Amino acid sequence: MESIIPILEFKKTCVSYTKQTMAVKYVSAAIERNTITAIMGPSGCGKSTLLRAANLMHNLYPNITVTGEILLNGENILSMEPIEVRRKIGMVFQRPTPFPTMSIYDNVLSGFTLNGIRLPKEEKDITVERCLKSVSLWDEVKDVLNKKGTFLSGGQQQRLCIARALAMKPNVLLMDEPTSALDPVATKHIEELLLELQKEVTILIVTHNMGQAMRISSRSMFMYLGELAEYGDTATMFSSPSDERTKSYLTGKMG
Amino acid sequence: MNDKLYKILLFASALIIPLVCGGVIYALFTDAYEAFQHFGFLKFLTSSDWSYTQGDEQYGALPFISGTLMTTLLAIIFCIPFSLSVAFFTGEYFRGTKIATVLGTVTDLLAGIPSIIYGLWGFYTLRPIIMSLNISPQGSGVLTASVMLAIMIIPYVSSLSSEFIKMVPKDLKEGAYSLGATRAEVVRKIIFPVAGSGIFSSYVLAIGRALGETMTVTMLIGNTNNIPDSITSTGNSMASIIANQFGEASDLRLSSLIAIGLILFLITAIINMIGKMMIKRARIS
């Protein structure tokens, strides 16, 4: 079963902020399990909007409507409870957002505490260690777990946010330009991490950076003015794009 | 040349503020000195006598200090549930909607109503209600004054707290939602802790206001010079005793009133300073 049904599938997904304009227009795409899929495109093309539709972030804003279907393991999330969906589909944002009033330890467990789930102390310790190790932050922070997460560097904060999302054991991890606020070294670190993480979680990443898409993703989407212009293997797309718009973007004729 | 003149003019006008402030403190000190010297500073603070029989004058500030502290404390307690609700209503739950805008405008309007109006309303509307509820026979007293004070500071606290709630970054809230938190959980576990120090400081500033509020309290507290023995009994606050008696007072009694004014000034200044410092810290973090 698992191999036949895609883990996440957009079916004629549309997102509109106002009645007149659509930010995402009839996007249909199936995301493959345990891959990194990059969403590329110029600013304002709807990549973040599409990504945010996948964990019902748009539900927070009454003026935004999402239509069509988005299937998680074959089930339409648009008719599911947002809380359930968001526990299965994690998200990492552009700017690192560790909760400033919580320690590093509590930040990793914030998904549980926010949902009112109480874990025994032992399980907490195991979860914190597992998650921080999987984002290779454990060695750097294991002695300062009770310090505030905001004392860490930008790259460390972003890895803490990834750890926080992983603690909920999501099926899919959505990432909205997670390295655009970071320096090159921290970016490289996160990229290596994502390549490692795709073994346990399917990653959908919005990126402005074509080099990044090429380095880490196996599949790529190219969006233009709200439409999905092209979707395919990253290597193929970069070597021989089939869509004119993709071609002019990748060759730098269009920004 | 022109630039220099401009600077001198600016400096001179800016200098007026510390001069006025220093002048006020100096006048308070010199005029209060007679009372402190006659009774002793500590004795003055802790004595509850207030009698102006010629030849055996006894003045102590304790009834008024306790009246002020009681009304202020009660007012803050009454104000907390309402101001928090309004703050979260306009700052989070209905933020940006028409109803929140209307509510915000009305709140600001309430904050601008002169205290004599609140006093009149309290005297002719609230006092009869308290009498008809059989809470106290005369209607006026610490409770009545506190309720009115609470109504006066609610708009002030809620609009200030609402600003702090709005300052919680959107990223942080979305981060919490993305982990599957509900609205109530985001409010309780993210917004409240993050905005907490700011919200708290708005209460500290409100305390500063409530301490010095004169007109409303004078009209409603009952004006008896005793330590209130319950929240329904009458009393006087530091501000209200001064407002009530300064016109007919002279010599030692006037000096005692001014001494009470000095104490009120010091308490209010300290509370305000703490509040401002906390707001600064809340903004930085």
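# Notebook: strands, helices and a contact

A:Ile89 sits opposite A:Val172 of β7(A). I started from that pair and worked outwards. I kept in mind throughout that this is a predicted model.

**Entry 1: β7 of chain A and its neighbours**

I looked up the strand on the β6 side. β6(A), residues 89-92, pairs with β7(A) in the parallel sense, over 4 bridges. Then I went to β8(A), residues 202-206, which also runs parallel to β7(A) and is joined to it by 5 bridges. One pair I noted there is A:Leu174, whose bridge partner in β8(A) is A:Leu204.

Next I asked myself how many residues of β7(A) are buried. The count is 5 of the 5, for residues 172-176, so I read the strand as largely enclosed by the rest of the structure. I also checked which way the residues point. A:Val172, A:Leu174 and A:Asp176 go one way, A:Leu173 and A:Met175 go the other, and all are buried. I marked A:Asp176 in my margin as a member of that buried set.

**Entry 2: the helix α7 of chain A**

α7(A) covers residues 154-167, which makes 14 residues. I compared its length with expectation: first C-alpha to last is 20 Å, close to the 20 Å expected at 1.5 Å a residue. The helix is mostly covered, with 13 of its 14 residues buried. After the helix comes A:Lys169, and I wrote down its positive phi, near 50 degrees.

**Entry 3: the open sheet of chain A**

I traced a 4-stranded open sheet in chain A, with the order β2-β1-β4-β5 and antiparallel pairing. Which strands are at the edges? They are β2 (22-31) and β5 (75-76) of chain A, each pairing on one side only. Inside the sheet I followed β1(A), residues 8-16, to β4(A), residues 65-72; 7 bridges join these antiparallel strands. As a landmark I took A:Leu8, which stands opposite A:Leu72 in β4(A).

**Entry 4: chain B overall**

I moved to chain B and counted 11 helices and 2 strands. Reading from the N terminus, the elements go α-α-β-β-α-α-α-α-α-α-α-α-α. The C-alpha trace spans about 75 × 70 × 30 Å along its principal axes. Of the 285 residues in chain B, 42% are buried. I also looked at contacts with a separation of 6 or more: 73% of them in chain B involve residues 24 or more positions apart.

Then I checked confidence. Chain B averages a pLDDT of 91, and 99% of the residues score at least 70. Within chain B, helix α11 (residues 251-284) is lowest at a mean of 87, and helix α3 (residues 62-93) is highest at 94.

**Entry 5: the bent helix α5 of chain B**

α5(B), residues 115-132, has 18 residues and should span 26 Å at 1.5 Å a residue; I found its end C-alpha atoms 24 Å apart, which agrees. Where does α5(B) bend? The bend is at B:Gly122, by about 40 degrees. B:Gly122 is also one of the buried residues of α5(B), along with B:Tyr118, B:Gly119, B:Leu126, B:Arg127 and B:Ile130. I looked for what these buried residues pack against, and found α6 (142-166) and α9 (215-220) of chain B. Following the helix is B:Asn134, with a positive phi near 60 degrees.

**Entry 6: B:Asp229**

I picked B:Asp229, found in the loop between α9 and α10 (238-245) of chain B. Is B:Asp229 buried or exposed? I had 9 C-beta neighbours inside 10 Å, so B:Asp229 counts as exposed. I also took its distance to B:Phe64: the two are 165 residues apart in sequence and 13 Å apart in space, C-alpha to C-alpha.

**Entry 7: where chains A and B meet**

The contact takes 22 residues from chain A and 17 residues from chain B. On the chain B side, α7 (170-177) and α8 (183-212) each supply at least two residues. α7(B) gives the most to that side, with 6 residues. I sorted the residues of the chain B side by character and got 8 nonpolar, 5 polar and 4 charged. Last, I noted the predictor's scores for the complex: an ipTM of 0.90 and a pTM of 0.83.

Note on methods:
Residues are numbered from 1 along each chain as its sequence is written. Chains are lettered from A and ligands numbered from 1 in the order in which they are written. This is a predicted model: local features need pLDDT of at least 70, side-chain atom pairs count only at pLDDT 80 or more; totals for chains, interfaces and linings use all residues. The expected span of a helix is 1.5 Å times one less than its number of residues. A residue is buried if 20 or more other C-beta atoms lie within 10 Å of its own, exposed if 12 or fewer, and partly exposed in between; C-beta atoms are placed from the backbone. Two residues are in contact if their C-beta atoms, placed from the backbone, lie within 7 Å. Ala, Val, Leu, Ile, Met, Phe, Trp, Tyr, Cys and Pro count as nonpolar, Asp, Glu, Lys and Arg as charged, and the others, Gly among them, as polar. Two strands pair if DSSP finds at least two bridges between them. pLDDT is the predictor's confidence in each residue, from 0 to 100. The bend at a residue is the angle between axes fitted to the seven residues ending there and the seven starting there.
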